[in-house]
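Got the model open in your viewer? Let's walk through it stop by stop, selecting as we go.

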Amino acid sequence: LKMEKVGKKLTKELFSEAQTYAQKIVDGLNTAVSPFHSVETVKKLLKDKDFIEIKEPDKWTLVGGQKYFFTRNNTTICAFQVGESCTAGSAPPDCFKIVGCHTDSPTVRVAPISDIETQGYKEVAIQWYGGALWHTWLDRDLTFAGRVIVLNEETGKLEDKFWHHPEPILRIPNLCPHLQGMDERESLKINKEEHLRPVIATSIIDSLMDLDETGEEKKATETESKYSIEKKHLKSFLALMAEGIGAKVENIVDFELSMVDTNKSCIMGLHKEFISSGRLDNMLSSLCATHALLEVSQEKLLDQSVNLIYLFDHEEIGSLSAQGADGSIVNDSLQRIYASFNEGNIDAGYKQALRNSMVISADMAHAIHPNYQHKHQSKHCPKLHQGIVLKSNCNQRYTTDSVSSAIIREICSRVDVPLQDFIVKQDIPCGSTIGPALSANTGIKTVDIGAPQLAMHSCREMCGTTDAYYYHKLFASFFKNLREVSSTLLD
Ligand SMILES: [Zn+2]
């Protein structure tokens, strides 16, 4: 086994530790089925370790040594641990150590008016979200997950509820080869308007269910509800949703639902060395970053720094939104944390603190594919179980430069985490991450890294178990060692 110089040799003991950790990741992936559920999953982990929930509309009075989190839109979450030496009025934070990841993944979402009847089928009108490998959504047993807004009859207030139906209820069927011409068989072309609509029922059975005991069609007793939701979506689908969230159909105001594979995330392979799951991009990074913060925050942070994770929504569609990485949330919150220890003021000390800070932009990376080797630049071929990928692109699609890479190499060497270098092949356009937006908007030195995986943006992706373990160790080392490692490099 050829390894990079940094990092110790992969042993059976290390692999077995990684297997135990990978099971924690799989458990998290199985509950993080939509951005809302991802934030819920992380929130629960934070609350279990005594992180205090704060809200953006409230005044923040933070205390040194404490641990906090807040959410925006319930799809972006930020958690942080404040150093013990931060004191109100005299010692505001002097360094922010930030790991940024994302909670969203490419998927198919329900349209605002979704009820479609075609040739005896009940279908659901959709909108596509992000750039998935759309054909991988075909012939899967799918369900819905997301947010439903309902009117609480007793209080008269609108509330949001999260819904994830556990059973398969949707399917986007392939067209059999017998009904395709020769050229269609050779190249599967998906028209996103015509071919991604899932079937949810047959009209004949759906209307059968609408008959009462005497075989008469149930009287359309309900007059139109306040929000007219029943005019837009299939009645039996709304009934299922209402049951799932414990509300009445007529009180459903609106919803944002994504399609999710019901096939559970799992560990697989001859030696159980793969994690197979939807949403590895980027819940693997998000969960590893969360676990690292939880672990590090069990010990006192003795200086004036702050350890933070941001798990953003909307990365897959460009990050430009209130809760996206290209929005105001990072600057808003860093300023509020600082000002909370500085009598509400932002002064030169804040700008100085930014110069001592660093961001890790952590998003999944492309492992070399055994059947498409020529798609990687021959010297930059990240492999599973061989370490975290340091992504470079001198055109700033990734933020890594020699300073940020040197810092990460040293941070990894302290905990024996191997690194693998990556650039994209020069005749292929490079992907990007939240890194460039974050570094441009905050002015903070940033690095782009990721765990290697195959089949990125597929409905079902795969990665190596050891890399999840390395990832978590790298983040923990970043929180512990950044200050010492970076003291003469950042300015
Ligand atoms: Zn990603």
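Start by selecting strand 16, residues 388–391. Both of its faces are covered: Ile 388 and Leu 390 on one side, Val 389 and Lys 391 on the other, and all of them are buried. Buried here means under 20% relative accessible area, exposed means over 50%, and partly exposed lies in between (1.4 Å probe, protein chains only). Strands (E, at least two residues) and helices (H or I, at least four) are DSSP runs, numbered from the N terminus.

A word on what you're looking at: this is a predicted model, where local features need pLDDT of at least 70 and side-chain atom pairs count only at pLDDT 80 or more, while totals for chains, interfaces and linings use all residues. Residues are numbered from 1 along each chain as its sequence is written, and side-chain values use heavy atoms, with hydrogens and water left out.

Now add strand 17, residues 419–422, which runs parallel to strand 16 and is joined to it by four bridges. Click on Ile 388 and look for its bridge partner in strand 17, Leu 419. Two strands pair if DSSP finds at least two bridges between them.

Next stop, an open sheet. Show its five strands in the order 11-12-20-19-15, with mixed pairing. Strand 11 (266–268) and strand 15 (365–366) are the edges, each pairing on one side only. Strand 11 pairs with strand 12 (residues 274–277) in the antiparallel sense, over three bridges. To see one of the matches, pick Met 268 and its partner in strand 12, Phe 274.

Keep that sheet on screen and add helix 6, residues 280–296. Helix 6 lies across strand 12, strand 19 (452–454) and strand 20 (461–464), running at about 40° to strand 20. (Axes are lines fitted to C-alpha atoms, for helices over the stretch in contact, and angles run from 0 to 180 degrees between N-to-C directions.) Zoom in on Asp 281 and Asn 282: the peptide bond joining them is cis, with omega about 15°. Asn 282 sits in helix 6.

Which residues hold the zinc ion? Select His 102 (NE2), Asp 281 (OD) and Asp 363, which gives two OD atoms, all at 1.9 to 2.6 Å. Donors are N, O and S atoms within 2.8 Å of the metal (3.2 Å for Na, K and Ca), and since water is not among the atoms, sites may look incomplete. Asp 281 lies in helix 6 and Asp 363 in the loop between strand 14 (358–362) and strand 15, so the pair ties together parts that are 82 residues apart in sequence. Both Asp 281 and Asp 363 are buried.

Hop over to the loop between strand 19 and strand 20 to find His 457. Its phi is near 70°, a positive value in a residue other than glycine. Is His 457 buried or exposed? Buried, with a relative accessible area of 17%.

Finish in the largest nonpolar core, which has 61 residues. Such a core is a set of buried Ala, Val, Leu, Ile, Met, Phe, Trp, Tyr and Cys residues joined through side-chain atoms within 4.5 Å. Helix 11 (residues 465–486) gives the most to this core, with eleven residues. For a last click, try Ile 360, one of the residues with the most contacts inside the core.

Key: Contact = heavy atoms within 4.5 Å.
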